[in-house]
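Me: I should like to learn how disulfides are read in a structural model. Could you take me through the case shown here?

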Amino acid sequence: MSHWRARPLAFPTTALLAVLVVLALPACALARSAPKPARPSAALHGRLVQLPGRRGCLVDRSARPGGCGTARALSGPGPFMGSRAIAVSEDGRNVYVASSRSDAIAVFVRNRRTGALFQPAGRDGCVAAKGSGGCARAVGLVGPNSVALSPEGRFLYATSRGANSVTAFHRNTKTGALTQLAPGSGCLAGLPIPGCAAGRALVAPDVVAVSPDGANVYVGSFFGNAVAIFQRAKNGVLYQASDASGCIAEAIADCATGIALGAPEGLAVSPDGSSVYVAGALSNSVAELVREPSTGALSQPAGGCIVDAELGGCTTGVQLGGANAIAIAPAGRDLYVTSLLSNSVTSFSRSAAGVLSQKPGTHACMVYLRAVGCSFGRAMIAPEGLAVSPDGSSVYLASFKSGAIDVLDRERESGDLAQKAGRAGCLAARTQPGCAPGRALRGVSSIAVSPDGRFAYATAFASNAVDVFRRKR
């Protein structure tokens, strides 16, 4: 102010008035007009930190521990064909893992405070073909690759590529133990297997999903180019209609007809239950199917597919080579797809009617290294698994070849994705530069977030492991 007094006539009158007005403003008005500083924790929100020591990973007892704990029935968890090999129960008590080489489903009790996993002794700790490894006995569990729990948490369903089957288990909600349903009810198969009922369109089934209302179970059939449709009774038993409402396929007799269903590897039901979305690994596509709520039957609307190369009746998208996992954001407005061959995650907006459109510009895709029109992703080599946090603020990718878990921030209003900067953006073996170090992550393939959003769990096929991470919030 002394400078102004020295040269009073040189200061413009309008500028002086502006200064006086600002000085007269209440302090609260100034605070409102000033931009809010970013929260110090914003850069850390959603970051994953592996639990220390034996709590951070469990490996099959036949493998070298390497500082991890050991467990039974963990050989080959989350195989290459199968992007949903791990599930956390809605009550947060248990974690279930499909282990293809063990022909088993491993059962873990979860400490909801620390996130650590513990496997019960004896038959409560696993179910396996022929009851091997001291597990409970199961029929039709040969090369299991995907698991899904019913909404009320009382039943678990698993696909098994080796048996062409979907198996059904009752879950003890207190102990987490699994018991297969009675012979003829606990297994449906595309092969003649003793103890299994006959199922249609079950050819190397790869993924399973349960509708939010619990009325239906859907199974993606990799080599059948089809989705098998099952109605679900309150006692957990599955029934398949003998007519076209029992399946939808590119070319299977007595199934409804669909296109861009080549090798379904990803499957997701919208939160409102009106739509089912299928990622086709061989058709390089995302197919939109309309769900009939009373029966669960599926039909494909005109234009109900997005592919990465021109195909009659479909919209052309980008970076969908080897599409293999699907996740829908909690509000149901956005859908994300990983693609193995494109080394990418692609982003789609979903209309109120269930119609998909790929997001515009660089928000349409994130690709390892660089691709024209896409944003850049690190350590994203052969992404196989995908999960969205319950609060919708984070998306996680399990990248099979790089052995990395990629950590992406999600803008909740727009649904746009951005990989976290620096080491917070990925966890991997030390061979992946720029990532935070992770243990027992070779061949990481499936990932799930606990319902409370505090922890994440991943399967690692080549490490014969399940890994445990704390999620910063």
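Reply: The following turns discuss the disulfides of this structure, which is a predicted model.

Me: How many disulfides does a search of the whole structure find?

Reply: A pair of cysteine sulfur atoms counts as a disulfide when the two lie within 2.5 Å. The search of the whole structure yields 7 disulfides. Among them is the link of C57 to C68, with an S to S distance of 2.0 Å.

Me: Where in the chain do C57 and C68 lie?

Reply: C57 belongs to strand β2 (residues 57-60), while C68 sits in the loop between β2 and β3 (69-71). The two cysteines are 11 residues apart, and the pair links distant parts of the chain.

Me: Which handedness does the disulfide of C187 and C196 have?

Reply: Handedness is read here from the torsion about the S-S bond. For C187 and C196 that torsion is about 85 degrees, so this disulfide is right-handed. Its sulfur atoms are 2.0 Å apart. The link of C57 and C68, by contrast, is left-handed, with -85 degrees about the S-S bond. The disulfide of C305 and C314 is also left-handed, because its torsion is about -90 degrees.

Me: Are C305 and C314 buried or exposed?

Reply: A residue is called buried when its relative accessible area is under 20%. C305 has 1% relative accessibility and therefore counts as buried. C314, at 15%, counts as buried as well.

Me: What is the relative accessible area of C57?

Reply: The value for C57 is 0%, so C57 is buried. Its partner C68 is buried at 3% relative accessibility. C187 and C196 are both buried too.

Note on methods
Residues numbered from 1 in each chain as written. Predicted model: local features only at pLDDT ≥ 70, side-chain atom pairs only at ≥ 80, totals over all residues. Heavy atoms only, no water. Helix = DSSP H or I, 4+ residues; strand = E, 2+ residues; numbered from the N terminus. Buried < 20%, exposed > 50% of the residue type's maximum accessible area, 1.4 Å probe, protein only.
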